[in-house]
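Subject: Structure handover

Hello,

Here is the structure I said I would pass on. Please open it beside this message and follow along.

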Amino acid sequence: MKAGSGGTAGGRRPNGALASEVLTVLQEASEALTAGQVLERLGGGLAYTTVVTTLSRLYDKQVLSRVSSGRAFAYAPVTDASGLTARRMHQVLAYGPDREQMLTRFVSDLATSDATLLRALLENGVERAPERLEREE
């Protein structure tokens with residue numbers, strides 16, 4: 001199945017689905033891609049302007065970087081999937097109503113193994129890979 005072949009019964013993607021598909025295409029690419037290249041890899045009968053709009057919005061959100069490529073721009077993700085998730089988590093904390101309450105709820109809902117990993121990362125520093133932490137225990 002191509003990245004762009006999903007959708008709802010009415011042919012529309014759920015909110016955020018196209019942006020997610022575009023990010024997946026860019027993360028799988030070995031280099032920055034133009035809107036035309038992204039469109040080609042997505043398939044699914046999208047309009048070129050739809051892809052350009054999606055790329056522009058992701059760039060405005062600082063999720064993508066871009067460089068000139070002839071008369072167009074070529075886009076690349078600013079970080080990998082884990083980095084993008086971490087950025088979203090930071091944004092939620094930054095703009096949420098009560099930072100302490102959000103962190104408290106988040107930590108209280110963690111699985112035991114995730115809480116143990118988080119505790120080890122906080123105690124030992126995040127530079128150390130989780131695999132290394134597990135081997136030392």
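Below is what was found, going from the whole chain to single residues.

Overall make-up

Please keep in mind that this is a predicted model. The protein has 137 residues, and 26% of them count as buried. Its secondary structure consists of 7 helices and 3 strands. Following the sequence from start to end, you will meet these elements in the pattern α-β-α-α-β-β-α-α-α-α. Among contacts with a separation of 6 or more, 35% are made by residues 24 or more positions apart.

The sheet

The 3 strands make an open sheet in the order 1-3-2, and the pairing is antiparallel. Strand 1 (33–34) and strand 2 (64–69) are the edge strands, as each of them pairs on one side only. As general background, strands of a sheet pair through backbone hydrogen bonds, and the pairing can be parallel or antiparallel.

How many bridges join each pair of strands? Strand 2 and strand 3 (residues 72–77) are joined by 6 bridges, while strand 1 and strand 3 are joined by 2 bridges. Strand 2 and strand 3 also form a hairpin, with 2 residues between them. In the turn of this hairpin, G70 has a positive phi of about 70°. Beside the turn you can look for S69, which stands opposite A72 in strand 3. Another residue to find is V67, whose bridge partner in strand 3 is A74.

A74 also appears on the other side of the pairing, where T34 stands opposite A74. T34 belongs to strand 1. Is T34 buried or exposed? Its relative accessibility is 16%, so T34 counts as buried; the cut-off for buried is under 20%. Apart from neighbours within four places in sequence, T34 is in contact with S69, F73 and A74.

The helices

Helix 3 (residues 48–60) lies across strand 2 and strand 3. The angle at which helix 3 runs to strand 2 is about 120°.

Helix 1 (residues 17–28) packs with helix 2 (residues 35–42). In general, two packed helices are described by the angle between their axes and the distance between the axes. For helix 1 and helix 2 the angle is about 105° and the axes are 10 Å apart. Helix 1 is therefore roughly perpendicular to helix 2, a term that covers angles of 65 to 115 degrees.

Which residues of helix 1 and helix 2 make the contact? From helix 1 they are L18, E21, V22, V25 and L26, and from helix 2 they are V38, R41 and L42. Sorted by class, the contact has 6 nonpolar and 2 charged residues, with no polar ones.

The loop before helix 5

The last place to look is the loop between helix 4 (81–95) and helix 5 (99–108), where D98 is found. The relative accessible area of D98 is 34%, so D98 is partly exposed; that class lies between the limits of 20% and 50%.

What does the side chain of D98 reach? One polar atom of the D98 side chain lies 3.2 Å from the backbone nitrogen of E100. The D98 side chain also reaches the backbone nitrogen of Q101, at 3.1 Å.

Regards

Technical notes. Residues numbered from 1 in each chain as written. Predicted model: local features only at pLDDT ≥ 70, side-chain atom pairs only at ≥ 80, totals over all residues. Heavy atoms only, no water. Helix = DSSP H or I, 4+ residues; strand = E, 2+ residues; numbered from the N terminus. Buried < 20%, exposed > 50% of the residue type's maximum accessible area, 1.4 Å probe, protein only. Polar contact = N/O pair within 3.5 Å; in protein donor to acceptor, adjacent residues only side chain to side chain. Pairing = 2+ DSSP bridges. Contact = heavy atoms within 4.5 Å. Axes fitted to C-alpha atoms, helices over the stretch in contact; angles between N-to-C directions. Parallel < 35°, antiparallel > 145°, perpendicular 65-115°, else oblique. Nonpolar A, V, L, I, M, F, W, Y, C, P; charged D, E, K, R; others polar.
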